[in-house]
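Open the model in your viewer and keep the sequence panel visible. The tour goes from one selection to the next and says what is there.

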Amino acid sequence: MKKRKTREGEEEGMEIVWQTPANPPEPHDYIFRNGRRHVLPYYFEFISHVKNRWAGKTIVDLFSEEFKGRPYDYYVSAVKCGRIQVDGEIVPVSYIVKRSQKISHFVHRHEPPVMAWDVSILQKEPDVLTVCKPASVPVHPCGQYRKNTVVGILQAEHGLAPLFPIHRLDRLVSGLLILARNASKADLFRQEIEAGLVRKQYIAKVIGEFPVDEQTVDANIDYNAREGRSTAEEKDTSSDTPVKGKAACTKFTRISTDGTTSIVLCEPITGRTHQIRVHLQYMGHPIANDMLYLSKHVTDRSAGGTSADRAAIESHDFLMSSFHDKCHEECEENPRHEFSIDPMCTNCPYLAPKGYDAHEEGLWLHCVRYSGPGWTYECPYPDWASLS
């Protein structure tokens, strides 16, 4: 950790301890409130190097154009007081950056909260660890998340490191996550996955009465990074128009149904972004609480869908509305300060960063089984998988 006295514009005499990625998460970094796991805000040094397209810009223009989460005036103040530095030195706001220079941005970091469920260990072997990943928790550090990740929580609460996740689970997806405990085991898993030797199985709770027979969807998936969603498109054999996206195939088998919703076993043969979610939407049976893909389903179905669809959606909306109202009231009425307020921070005095969606919930999509040559790992079904 680095200790640095604050400079012009910061609270006089205040000493800050700056963390870097080398500092491991600790158990005392977390607090639990209103069903959410929060990370106490901490000081962190973000390090980047000037890319070719950044070179020639002033240090303030670079940040205001590339990192739009904070206002222009903040970046002016941050450069003046030394919270933004170039090659370890304080520079004027008019400083022109050059290619490959090291840029440090010292911030009071607020991570988004995640749901407060435990990361439960399923199997612990010399070379492999399997856990049940809770929905809403990212697998590894990315974007705004560092400590509030599966890897971070396992290190803080169980002292398990290093860990090498061998497959992806989207943040809102729950279930089986396999982590190698050394690089050689991780490479072996990678080779088996790339060779197509690994079988993946998920379960989903979807809108409507799913067909009895096994269904196979062969439809290309085109991911739009700007919108953060995928679309599916099947090739028209009567046309020469090329199909957008990458080839994707998923097999589906109905497990049970109550006529309003169904539990479906999903086996992705390929691994595209949001593949299971978008293929289920493509079939007309989106995941029953997947607001990203459910909204389009409702719009496209005549008269708002079948009566069963409407019943499921209206019931879900009522429950979510009640939860959201309660959560909003608790968060606004109880902004207790269990951490030091930073005078320059654009997120203080609240725990969560600005723009965080306090209303999100986990998807009804859960990884239950991975198997390969001579091995199988499984995860118990979640509570929502029972329709009785």
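Which residues of strand 10 are buried on one side, and which on the other? Val128, Thr130 and Cys132 are buried on one side, and Leu129, Val131 and Lys133 are buried on the other, so both faces are covered. Buried means under 20% relative accessible area, exposed means over 50%, and partly exposed lies in between, with a 1.4 Å probe and protein chains only. In a regular strand the side chains alternate between the two faces of the sheet.

Before the next selection, note that this is a predicted model: local features need pLDDT of at least 70, side-chain atom pairs count only at pLDDT 80 or more, and totals for chains, interfaces and linings use all residues. Residues are numbered from 1 along each chain as its sequence is written, and side-chain values use heavy atoms, with hydrogens and water left out.

**Stop 1: strand 10 and its partners**

Select residues 128-133, which make up strand 10. Six of the six residues are buried, so strand 10 is largely enclosed by the rest of the structure. Helices (H or I, at least four residues) and strands (E, at least two) are DSSP runs, numbered from the N terminus.

Add strand 9, residues 120-124, which pairs with strand 10 in the antiparallel sense over four bridges. Two strands pair if DSSP finds at least two bridges between them. Glutamine 123 has threonine 130 in strand 10 as its bridge partner. A hairpin of three residues joins strand 9 to strand 10.

Now add strand 12, residues 174-180, which runs antiparallel to strand 10 and is joined to it by six bridges. Look for valine 131, which stands opposite leucine 177 in strand 12.

**Stop 2: cysteine 132**

Stay in strand 10 and select Cys132. Cysteine 132 counts as buried because its relative accessibility is 17%. Its closest cysteine sulfur is in cysteine 379, 3.3 Å away, which is too far for a bond. A disulfide is a pair of cysteine sulfur atoms within 2.5 Å. A search of the whole structure finds zero disulfides.

**Stop 3: helix 1 and helix 2**

Select helix 1, residues 59-66, whose buried residues are Ile59, Val60, Leu62, Phe63 and Ser64. These buried residues pack against helix 2 (72-81), strand 6 (84-86) and strand 7 (102-109).

Show helix 2 as well. Ile59, Val60, Asp61, Phe63 and Ser64 in helix 1 meet Tyr72, Tyr75, Val76 and Val79 in helix 2; contact means heavy atoms within 4.5 Å. The axes of the two helices come within 9 Å and cross at roughly 140°. Axes are lines fitted to C-alpha atoms, for helices over the stretch in contact, and angles run from 0 to 180 degrees between N-to-C directions. Helix 1 and helix 2 are therefore oblique to each other; angles under 35 degrees count as roughly parallel, over 145 as roughly antiparallel, 65 to 115 as roughly perpendicular and the rest as oblique.

**Stop 4: the sheet beside the helices**

Select strands 5, 7 and 6, which form an open antiparallel sheet in the order 5-7-6. Strand 5 (42-49) and strand 6 are the edge strands, each pairing on one side only. From one strand to the next, the twist averages 20°.

Strand 6 and strand 7 run antiparallel and are joined by three bridges. Isoleucine 84 has histidine 105 in strand 7 as its bridge partner. Helix 1 packs on the sheet, touching strand 6 and strand 7, and its direction makes about 55° with that of strand 7. Helix 2 also packs on the sheet and touches strand 6 and strand 7, with its direction at about 110° to that of strand 7.
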